[in-house]
Every structure is written in C-alpha cells, then in structure tokens.
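Let's take a walk through this one together, starting in the middle and working outwards. Keep the viewer open as you read.

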Amino acid sequence: MVDRLDVALIEAMHDHPRVGDLELSRLLGVARATVQSRLRKLEESGVITGYAPDIDLAAAGHPVQAFVTLQIVQGSIDAVTEELMSLPSVLEAFITSGEADIVCKIAATSHEDLKDTLLHISGSGSVARTSSVIVLSELVPPRVLPILRRGATEPPPRAPAFR
C-alpha cells in the first residue's frame, strides 16, 4: 500500500522525469534521505518497476495497433507464452477469464505487417482461434496516478523538526 507521500513522490517523478533526489526533496518539502528511503522502499516492494522513457509507437514507425484474443489448445499455455515472447510486435499479453484465454496488444508498421503477425499466431498449433480489433485512436492514455491517489493512506507522522 502506498501513502500520500509515496504518491506525491511518484507524481513528482512523473511530472519531472529527469529530476534528481535533491530536487525531489525540494519539490516535496522533505529531507533528501526521506526521498532516497522512499524510492528504495518503492523499488524493493515492486511498486516502481523501472525508469524507462515513454515511447510513442506511431512516431517510432509502428502506427497500427490491435488487441487480439486467443483461444488456446488445452494445456498449451507454456508453448503459447514462448511463441508470443518470440514476437517483437506483441507488446503485452494477459491470461484472461471468459471466452478468450489470452488477450494481446500488438503493434505493427502497417496493416500488412499486422496481418503477417496475426497469421503467424493463428498458424501456431497451440492456438485454436483468434479474434482481433484494430485500435483507431487512444481514448485514455496509460495511467496509474488516479488510482494511486484514490487509495493512498496518510503518511506516518514527521519528526518535530519538520513540522
């Protein structure tokens, strides 16, 4: 669980991606050691998983995106996982409940490139059926701050010197 100081730290890092610990401490009004301790805690607990840049796939030459659902052959999850991991155009894949066993997000350089990827996946002996929808435009960009803000708890009390 994250508290409000953790959320404020994550938000400051989101708003200022190249900021250092000292500037974060100034922005948040807390000691530099507090920032370093909180970052270490957030990294060790797996809340912060990396510091990679955000990439615009369309600007990088992959303007076509699709969501693909897969129904797989019983007992073939390991083979399907290996197959999907081998395809660079598969951005994400999730095991799901309902009609589909897996939902994937795919990026492609063109509709022809997307078709080739879909045919490759469909040709796998571990995939019984696929269905796809092409993304026309992004409505809500990837985000996590709203849900973190909503669930944030109060931070522990600060030392008297900082009140």
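When I say two residues are in contact, I mean that they have heavy atoms within 4.5 Å. Keep in mind that this is a predicted model. With that in hand, click on Cys104: setting aside neighbours within four places in sequence, Cys104 is in contact with Ala66, Phe67, Val68, Leu70, Leu84, Val90, Glu92 and Ala93.

Now zoom out a little to the largest nonpolar core, which has 17 residues. Cys104 is among those with the most contacts inside that core, along with Leu70, Leu84 and Ile106. Who supplies the residues? Strand E1 (64-72), helix H4 (77-85), strand E3 (102-108) and helix H5 each put in at least two, and E1 gives the most, with five. There's also a second, separate core of 16 residues, and Val2, Val35, Leu148 and Ala152 are included in that one.

Let's stay with H5, which covers residues 111-122. Its 12 residues should span 16 Å at 1.5 Å a residue, and the end C-alpha atoms are indeed 16 Å apart, so the two agree. Which residues of H5 are buried? Leu114, Thr117, Leu118 and Ile121 are. Look down the helix axis and you'll see these buried residues fall within an arc of 100°, so they line one face of H5. The general rule helps here: an α-helix has 3.6 residues a turn, so residues three or four places apart point the same way. As for what covers the buried residues of H5, look for E1, H4, E3 and strand E4 (127-134), among others.

Two residues on H5 deserve a click. Ile121 has a relative accessible area of 2%, so it counts as buried, the cut-off being under 20%. Beyond its neighbours within four places in sequence, Ile121 is in contact with Leu70, Leu84, Leu87, Ile106, Val127 and Thr130. Thr117 is buried too, with a relative accessible area of 9%. Leaving out neighbours within four places in sequence, Thr117 is in contact with Ser89 and Ile106, and its side chain makes a polar contact with the side chain of Ser89 at 3.4 Å.

Finally, head across the model. From Ile121 to Ser25, 96 residues apart along the chain, the C-alpha atoms are separated by 48 Å. UniProt, in an unreviewed entry, lists residues 2-63 as "domain: HTH asnC-type". In the model, that span is 53% helix and 0% strand, and its end C-alpha atoms lie 35 Å apart.

Definitions and conventions: Residues are numbered from 1 along each chain as its sequence is written. This is a predicted model: local features need pLDDT of at least 70, side-chain atom pairs count only at pLDDT 80 or more; totals for chains, interfaces and linings use all residues. Side-chain values use heavy atoms; hydrogens and water are left out. UniProt positions are given in the numbering used here, feature names are shortened, and annotations may be inferred rather than shown by experiment. Helices (H or I, at least four residues) and strands (E, at least two) are DSSP runs, numbered from the N terminus. Buried means under 20% relative accessible area, exposed over 50%, partly exposed in between (1.4 Å probe, protein chains only). A polar contact is a pair of N or O atoms within 3.5 Å; within protein, one must be able to donate a hydrogen and the other to accept it, and residues adjacent in sequence count only if both atoms are side-chain atoms. A nonpolar core is a set of buried Ala, Val, Leu, Ile, Met, Phe, Trp, Tyr and Cys residues joined through side-chain atoms within 4.5 Å. The expected span of a helix is 1.5 Å times one less than its number of residues. The arc is that of the directions from the helix axis to the C-beta atoms.
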